[in-house]
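Colleague: I'd like to look at this model with you and ask how you know what you say about it. Can you put it up?

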Amino acid sequence: MFPIRDSQPTRTFPFVTIALIVINLLIFIFIYFSAIAAPEPDLYLANVYMKFGLVPAKVFGTVPSGNVPWLLTFITSIFLHGSWSHVIFNMLYLWIFGNNIEDYLGHFHFVIFYLLAGIFSSLVQVIVMSQANVPIIGASGAIAGVMGAYFLFFPRSKVRTLVVIIYFITFIDVPAPVYLLIWFLLQLFEGFTSFGAATGTAFFAHVGGFIFGFLYALIVRAIYKRRRGYESYF
């Protein structure tokens, strides 16, 4: 199931969400074409990801941190992606769910929330992969946090979804809580079934990010209670 758009309108222009998408795309494009121009593209990419990605073994001190402090890589790793499909799908999810969370929280608050979700989700993955010497990269943990907050804030929203079953292709409107719960359970299932195995997806970062976003949203709702314009959703 591929999400196309959601039904939740926004009242403010989501310039932070757009800025995050543009920054992620520009960083990926720069690294991609720099790698093409390099004598050894694969080695160039490996060096970039090892330098700016989040390497669990560096966090636990089993390998040297290098020129970039490992604390900083909790941020830099969020803006790295490994392929066109990786960055495109992440940015699609960020656009669909991020603009509404930015609208709800406010622009500056959304930046803080996004970064905190990315850091927390990465920390969960680091704990699971404590001895690994491979870099964790991607915005999906932060975006999972956005999705967790969306799950609580907009229970009446629907997600226009592309469904492909062999040769059968159609579009259906799935209630957002159902779509997001299915997504979360799939990440949880994949995480536990691939536990301890080499995988290219940080499933526990997704799980940790989603839980962080949901709990963060609970706290925000408890503090602000009913924010004007959203009363009908609670």
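Modeller: Sure. Before we talk about charge: Lys and Arg count as positive, Asp and Glu as negative, while His and the chain ends are not counted. Keep in mind that this is a predicted model.

Colleague: With that rule, how many positive and negative side chains are there, and how far apart are the centres of the two sets?

Modeller: The protein chain has 12 positive and 8 negative ones, and the two centres lie 13 Å apart.

Colleague: What makes the protein chain as compact as a globular protein of that length?

Modeller: Its radius of gyration is 18 Å, and the globule rule gives 17 Å for 234 residues. Those values are close, so the chain is as compact as a globular protein of that length. The C-alpha atoms fill a box of roughly 55 × 45 × 35 Å along the principal axes.

Colleague: Which secondary structure elements does the chain have?

Modeller: Nine helices and three strands, in the order β-α-α-α-α-α-α-α-β-β-α-α from the N terminus.

Colleague: Why is a set of residues called a nonpolar core?

Modeller: Because its members are buried residues such as Phe, Ile or Tyr, joined through side-chain atoms within 4.5 Å. The largest one here has 43 residues, and Phe97, Ile101, Phe110, Phe113, Tyr114 and Phe153 have the most contacts inside it. Helix 5 (84-105) and helix 6 (107-128) are among the elements giving it two or more residues. Apart from that core lies another, of seven residues, including Phe74 and Val126.

Colleague: And what does Ile101 touch?

Modeller: Leaving out residues up to four places away in sequence, its partners include Phe110, Val146 and Phe153.

Notes. Residues numbered from 1 in each chain as written. Predicted model: local features only at pLDDT ≥ 70, side-chain atom pairs only at ≥ 80, totals over all residues. Heavy atoms only, no water. Buried < 20%, exposed > 50% of the residue type's maximum accessible area, 1.4 Å probe, protein only. Helix = DSSP H or I, 4+ residues; strand = E, 2+ residues; numbered from the N terminus. Contact = heavy atoms within 4.5 Å. Rg over C-alpha atoms; globule rule 2.2 N^0.38 Å. Charge placed at Lys NZ, Arg CZ, Asp CG, Glu CD.
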